[in-house]
Amino acid sequence: MKTAVMTDSNSGITAAEGKELGVFIVPMPVIIDGVTYFEGKNLLQPDFFESLMSGKDVSTSQPSPGDLMELWNRVLALGYDDIVYIPMSSGLSNSYASAAVLAEEYDHRVHVVDNHRISIPQLASVMDAVKLVSEGRTAGEIKELLEKAALEASIYIAVDTLEFLKKGGRVTPAAAAIGSVLRIKPLLSIQGDKLDAYAKVRGMKRCRRRLIEAVEKDLNERFSEGDMSKVRIATAGSFRNPELAEDWRQEVARAFPDYEVVYRDLGCSIESHTGPEAMAAGVFRMF
């Protein structure tokens, strides 16, 4: 059996990286002033940030059924027997639910994974899937294994401004106004289905410490049992300055010298909710 691995651009994998890895990427739609763009296709981060910061109306959407089925059909026509599709968490979007319904028309040739992840933990699942394909696992087996291990991951995100969470209805205008005056920065966490508030911290410097403390707590508690050699730590963010992104990666690397810490951009679809200068740290176990 020849199995294709597919994910969406919320994983942080670019189209070029996807070609190198043999992974097919579904570009997430971003709507700017009523016009739909596709991340990594006709929308790059500099242009996205310019639209976001200039006050344009920016929102997100899930991939359309037509676009998704067209890509599935194209991949199967390349000679693949089946597809393992790993979309963003079902708790953050209807992408999984919609894809699962569409997959019913493909006679078990498209397996949609309810992965409960986004960003760097989602990327880890994609890499696990690629590994499992190379080991000869069937698409059904890969789906089962990924869903079984889906909750063995955390990601913590600190946002620099409450403005974009307010626009998305995550916080009230009053709370956003008070938070801005007091310099309160929310720390958000994803451990499974939903985006939850983890802590409220004054100032981004303290946020950086709390993010590292959150990862350390997970290492000592949630991930202390099992094979620690399979545990990975990674960083992400919506930095407009690459040097700031590297500074954040290095800070986390210094805190966890036994781990090879990498960095990934959060991606336009996620950044439309976090705004610029958000930072994230994740911990997860791979196969």
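Start by selecting residues 65–77 and 95–103, which are helix α3 and helix α4. In this predicted model, the two pack at an angle of about 55°, and their axes are 11 Å apart. That angle makes α3 oblique to α4. If you turn the view to look through the pair, the crossing is right-handed.

Now show side chains. On the α3 side of the contact, pick P65, L68, M69 and W72; on the α4 side, pick A99, L102 and A103. Sorted by class, this contact has seven nonpolar residues, with no polar and no charged ones.

**Just past α4**

Stay where you are and move along the chain to D107, in the loop between α4 and β7 (110–112). What is unusual about the phi of D107? The value is positive, about 50°, although D107 is not a glycine. D107 is exposed, with a relative accessible area of 62%.

**A second helix pair**

Next, select residues 120–134 for helix α5 and residues 139–148 for helix α6. Their axes come within 10 Å and cross at roughly 145°. The crossing of α5 and α6 is right-handed.

Which residues meet here? From α5, bring up S125, D128, A129, L132 and V133; from α6, add I142, L145 and L146. The residues of this contact divide into six nonpolar, one polar and one charged.

Keep α6 on screen and colour A139, I142 and L146, its buried residues. Looking down the axis, you'll see that they cover an arc of only 60°, which puts them on the same side of α6. This pattern has a simple background: an α-helix has 3.6 residues a turn, so residues three or four places apart point the same way. Flip to the other side of α6 and you'll find E144 and K148, both exposed.

So what covers the buried residues of α6? Switch on β1 (3–8), β6 (82–86), β7 and α5, which are among the covering elements.

**Back to α2**

Head to residues 45–53, helix α2, and colour its buried residues: Q45, F48, F49, S51 and L52. Down the axis of α2, these buried residues fall within an arc of 160°, so they line one face of the helix. On the other side of α2, look for P46 and E50, which are exposed. Then step just beyond the end of α2 to G55, where phi is positive, at about 90°.

**A buried loop residue**

Now select M28, in the loop between β2 (23–26) and β3 (29–32). Is M28 buried or exposed? With a relative accessible area of 1%, M28 is buried.

Try showing what surrounds M28. Leaving aside neighbours within four places in sequence, M28 is in contact with D8, S9, N10, Y37, F38, E39, S61, Q62, P63, M88, S95 and S269. For a distance to draw in the viewer, connect the C-alpha atoms of M28 and K41: they are 9.4 Å apart in space and 13 residues apart in sequence.

**A third helix pair**

Jump along to residues 204–220, helix α9, and residues 242–255, helix α10. These axes come within 11 Å and cross at roughly 45°. That crossing angle makes α9 oblique to α10. The way α9 passes α10 is right-handed.

For the side chains, display R208, L211 and I212 from α9 together with D247, W248, E251, V252 and A255 from α10. By class, this contact has five nonpolar residues, no polar ones and three charged ones.

**Last stop**

Finish at E277, in the loop between α11 (268–274) and β13 (279–285). Its phi is near 65°, a positive value in a residue other than glycine. Is E277 buried or exposed? E277 is buried, with a relative accessible area of 17%. If you put D107 back on screen beside E277, you have an exposed residue with a relative accessible area of 62% and a buried one at 17%.

Methods: Residues numbered from 1 in each chain as written. Predicted model: local features only at pLDDT ≥ 70, side-chain atom pairs only at ≥ 80, totals over all residues. Heavy atoms only, no water. Axes fitted to C-alpha atoms, helices over the stretch in contact; angles between N-to-C directions. Helix = DSSP H or I, 4+ residues; strand = E, 2+ residues; numbered from the N terminus. Parallel < 35°, antiparallel > 145°, perpendicular 65-115°, else oblique. Left-handed = near helix turned anticlockwise from the far one by under 90°. Contact = heavy atoms within 4.5 Å. Nonpolar A, V, L, I, M, F, W, Y, C, P; charged D, E, K, R; others polar. Buried < 20%, exposed > 50% of the residue type's maximum accessible area, 1.4 Å probe, protein only. Arc of directions from axis to C-beta.
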